[in-house]
Amino acid sequence: MSDFGTESNPSTETYKQGSGEGAFKKRLGIVATCVVGGSLVALYAVTGPFVAPALRKVCLPFVPATTTQIKNVLNVLKTRSGSLVDIGSGDGRIVIAAAKSGFKAVGFELNPWLVWYSRYKAWREGVHHNTSFYISDLWKMEQLEVKLQTELQSSAKVVACRFPFPTWTPDDVAGEGIDTVWVYNAKTFKPPIRNDKDSERQELATN
């Protein structure tokens with residue numbers, strides 16, 4: 001009586017084992033590629049808003065306001081009240097400090113992450129009702145000096161931190177080094193308003 005059994009083929013088993021390992025490595029490679037790709041996308045999403053401004057022709061890097069700088073700003077505005085607008089508000093430190101001092105403060109900032117953080121920080125500090133933050137590209141504001149000259153009221157005051165306006169003469173300067181602030185009164189940099197009577201008088205004077 002013969003015994004019938006099955007005999008495995010070593011070459012077939014080796015092929016199956018190799019195929020299984022190859023499929024596993026392939027899947028592992030795909031997962032690794034997805035993880036790396038996702039990490040790069042997340043890294044770009046986080047760092048992109050910070051790096052992009054540095055690629056501009058004119059670059060003003062984000063440097064958080066120091067405690068001394070904030071004090072200097074508030075000191076030069078201690079006799080003022082009403083509204084305050086911070087162009088390039090960063091993480092909202094000056095806007096929040098101004099709101100705590102009674103101002104209705106607004107911040108404009110290019111970096112959306114900083115804007116969202118500023119909103120959260122204002123909410124945490126309990127001044128979100130007196131603050132507003134907007135994502136705005138400062139460099140799309142053509143000729144900022146001209147814009148301020150034409151749109152601000154003569155009673156307005158402009159305070160520049162670390163970077164003074166190139167063609168304006170400050171009415172006051174407070175602090176030193178990186179904490180320096182420059183104060184400009186709108187009535188000194190706004191062009192004089194001429195009415196029709198002034199024009200007529202000028203014409204009579206020149207005739």
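A crossing of two helices is called left-handed if the near helix is turned anticlockwise from the far one by less than a right angle, and right-handed if clockwise. Helices (H or I, at least four residues) and strands (E, at least two) are DSSP runs, numbered from the N terminus.

Welcome! The model is a predicted one, in which local features need pLDDT of at least 70 and side-chain atom pairs count only at pLDDT 80 or more, while totals for chains, interfaces and linings use all residues. Residues are numbered from 1 along each chain as its sequence is written, and side-chain values use heavy atoms, with hydrogens and water left out.

**Exercise: the whole chain**

Task: count the helices and strands in the chain, put the elements in order, and find how much of the chain is buried.

Solution. Start with the count: the chain has seven helices and six strands. Next, walk from the N terminus, and the elements read α-α-β-α-β-α-β-α-β-β-β-α-α. Then look at burial, where buried means under 20% relative accessible area, exposed over 50% and partly exposed in between, with a 1.4 Å probe and protein chains only. By that rule, 28% of the 207 residues count as buried. Finally, take the contacts, meaning heavy atoms within 4.5 Å. Among those in the chain with a separation of 6 or more, 56% join residues 24 or more positions apart.

**Exercise: helix α3 and its cover**

Task: decide which residues of α3 are buried and name elements that cover them.

Solution. First, find α3 at residues 93–100. Six of its eight residues are buried, which leaves the helix mostly covered. They are Ile94, Val95, Ile96, Ala97, Ala98 and Ala99. Now look around them: the cover includes α2, α4 and the strands β1, β2 (104–109), β3 (131–135) and β4 (157–161). To finish, step past the end of the helix to Gly102, whose phi is positive, near 105°.

**Exercise: two helix pairs**

Task: work out how α3 packs with α4, then how α2 packs with α3.

Solution. The axes here are lines fitted to C-alpha atoms, for helices over the stretch in contact, and angles run from 0 to 180 degrees between N-to-C directions. Angles under 35 degrees count as roughly parallel, over 145 as roughly antiparallel, 65 to 115 as roughly perpendicular and the rest as oblique.

Take α3 and α4 (residues 112–125): their axes come within 10 Å and cross at roughly 25°. That angle makes α3 roughly parallel to α4. The crossing of this pair is right-handed. On the α3 side, Arg93, Ile96 and Lys100 make the contact, and on the α4 side Ser118, Lys121, Ala122 and Glu125 do. Sorted by class, there are two nonpolar, one polar and four charged residues. For this sorting, Ala, Val, Leu, Ile, Met, Phe, Trp, Tyr, Cys and Pro count as nonpolar, Asp, Glu, Lys and Arg as charged, and the others, Gly among them, as polar.

Turn to α2 and α3, whose axes lie 10 Å apart at an angle of about 45°. That angle makes α2 oblique to α3. Here too the crossing is right-handed. Ile70, Val73 and Leu74 of α2 meet Arg93, Ile94, Ala97 and Ala98 of α3. By class, this contact has six nonpolar, no polar and one charged residues.

**Exercise: the nonpolar cores**

Task: find which members of the largest nonpolar core touch the most others, and which element supplies the largest share.

Solution. A nonpolar core is a set of buried Ala, Val, Leu, Ile, Met, Phe, Trp, Tyr and Cys residues joined through side-chain atoms within 4.5 Å. The largest one has 21 residues, and Val76, Leu77, Leu84 and Phe133 touch the most other members. At least two residues each come from α2 (67–76), α3, α4 and β6 (181–185). The largest share, six residues, belongs to α3. A second, separate core has ten residues, including Ala156, Val158, Trp182 and Phe189.

**Exercise: residues one by one**

Task: compare the surroundings of Val73, Asp86 and Thr167.

Solution. Val73 sits in α2 and is buried, with a relative accessible area of 4%. Leaving aside neighbours within four places in sequence, Val73 contacts Ile94, Val159, Cys161 and Val181. Asp86 belongs to strand β1 (residues 83–87) and is buried at 13%. With the same neighbours left out, Asp86 touches Ile94, Val95, Val106, Gly107 and Phe108. Lastly, Thr167 is in the loop between β4 and β5 (172–174) and is exposed, at 59%.
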